[in-house]
Amino acid sequence: MAAVNLDNVQGDLFSRGFPKIKETYYFFSIVPGKEKDFSTALAALGNSGKISSLKKVLDDWVKVDGAPKNEIVPVSNALIAFSKTGLDKIQTGLTGRGLDLDNLTTSDPAFAAGMARDGPENLNDPAPTSWDPLFNASPIHGILKVAGHCQEIVNSKLDEIKKILGYPNIIADIAAQSLPTSANSRVDGQVRPKDQGLNGREHFGFEDGVSQPLLKGINEDAAFNKDTFMPRRGRSPHCGEWTLQNVPRGWWKAAFSSFASSSKTFRGLLSSPRNSKMELAQTLITVVQSAPIVLFPDQDATSDPVASNDFKFTNNNVCPLAAHIRKTNPRDDSVFTRNARIVRNGIPYGSEFSVDESGKRGLLFACYQSSIDNGFQFIQKIWINNPEFPEAPSTAGFDPFTAQPPNDGQLHITMFDPSEKKLDTGLGHFPKLVTMKGGEYFFVPSISALTGTLGSA
Ligand code: HEM
């Protein structure tokens, strides 16, 4: 018996996510006074089959995996999710049905606050006034995340869904852009060029999406015990419907954040003078790579995805304390680590550095978890941005890759030699490598909640 109702869970909510070459994130608002109509339209969307179930996406992956190498399999998939202000809006259109949204404030304060408040207050994010206009123009009530094998198929799926949702009378664009996408209300991401072997890599050049928690009931067979993950039971609104044995209901939230990556600064760091070749290798490879260089000295860890994930951080000289993979997953068995596991399914955006050095590029970071407080917020605030974590044997420094230092300041990291003596890598203090350009937290309902809890016939 399947532990998970694969027809009811939205299809991006697992470790592989949507198969994709192009992906568009479309943000919308619900037109004032049209809340009731929106719930009716939402129910129609739920019944239309246009929002992908996990079953559909798993079937797509079978087709993609079974296709000859280099053949592009036609696929398109979509996810819908709502911000807290979006849920509040939907609530006003539902007569005689309470979503009990007040509970969110106590059960997940970060989600209830929204990213525009939580980011600057807790994550050292820049003030929303300096975000890309799309993310601070007007309240974002919902998001459609649409992925496919080409932009045309993505656009046409998006248009079909917008039509069902009553665009432009019931839902409307956010009248602002996030360059380099030159259309209002959306950001377009794409996988990096396959013909150059860059597909699957983010813009600094590292393979992404390697280390993911595997989900009970989906792909737990391949998981190490410590890494199977189960979304926790939610409190309200009860429309997550992640049906697991012994866990009748769970619910998912998504954190979306747009990061601009400074490839120039990164390359500058790579070419700065260093004391030894070994130190350079350690700094550059292990700050991000998903395995210690002792296991994979010469190549990316992805050559063996299982082995690359089956390790603990024992030697500080092998994996620096501040490495991105260590900060974001300490690989200990503590309750904090277990609660902080997130499923990441983002996509790069922008031009190739080799084509346009001064162009804008980065990562449309998207992650899923049952609690923003325990997941995205905890990882960024308590681990990534905290130079004291992990403590022993001495101050680790910031996550050199994704830390947002206080007051937009500089980063530093500490390195050790094999006898745990501090090394001077010559890096000193350096500017942050990514800048947060905007984002929002979203609640990802089950498909039956679109027709039931949130929708009305
Ligand atoms: C521009 C921003 C970012 C870039 C370019 C980036 C890139 C990467 C890369 C290259 C990896 C290693 C490969 C892998 O295991 O997938 C990784 C791992 C990871 N990242 Fe990020 N990341 C970014 C932001 C973030 C943020 C904001 C968070 C969380 C708040 C995060 C959480 C993680 C986690 C949990 C892992 C897996 C660690 C492990 O289990 O080994 N990342 N990231």
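**Ligand shell, Asp208 and a helix pair**

Biologist: How do the residues of the shell around the ligand divide by class?
Modeller: In this predicted model, the shell around the ligand is made up of twelve nonpolar, ten polar and four charged residues.

Biologist: Which residues come nearest to the ligand?
Modeller: Phe206, Val210, Ser211, Thr328 and Asn329 come nearest, out of the 26 residues around the ligand.

Biologist: And which elements give two or more residues to that shell?
Modeller: Two strands and two helices do: strand E8 (252-261), strand E11 (361-369), helix H11 (324-327) and helix H13 (376-384).

Biologist: Turning to Asp208, where is this residue found?
Modeller: Asp208 lies in the loop between strand E5 (186-190) and strand E6 (214-215).

Biologist: Does Asp208 count as buried or exposed, and why?
Modeller: Asp208 counts as buried because it has 20 C-beta neighbours inside 10 Å, and the cut-off for buried is 20 or more.

Biologist: Which residues does Asp208 touch, leaving out those up to four places away in sequence?
Modeller: Asp208 touches Gly200, Arg201 and Glu202. In addition, its C-alpha is 9.1 Å from that of Gly346, although 138 residues separate the two in sequence.

Biologist: A different topic: how do the axes of helix H1 and helix H3 cross?
Modeller: The axes of H1 (residues 35-48) and H3 (residues 84-93) come within 7 Å and cross at roughly 100°. The two helices are therefore roughly perpendicular to each other.

Biologist: Which residues meet there?
Modeller: From H1, Glu35, Lys36, Phe38 and Ser39 meet Lys89, Ile90, Thr92 and Gly93 of H3. By class, this contact has two nonpolar, three polar and three charged residues.

Technical notes
Residues numbered from 1 in each chain as written. Predicted model: local features only at pLDDT ≥ 70, side-chain atom pairs only at ≥ 80, totals over all residues. Near = placed C-beta within 6 Å. Helix = DSSP H or I, 4+ residues; strand = E, 2+ residues; numbered from the N terminus. Nonpolar A, V, L, I, M, F, W, Y, C, P; charged D, E, K, R; others polar. Buried ≥ 20, exposed ≤ 12 C-beta atoms within 10 Å, placed from the backbone. Contact = placed C-beta atoms within 7 Å. Axes fitted to C-alpha atoms, helices over the stretch in contact; angles between N-to-C directions. Parallel < 35°, antiparallel > 145°, perpendicular 65-115°, else oblique.
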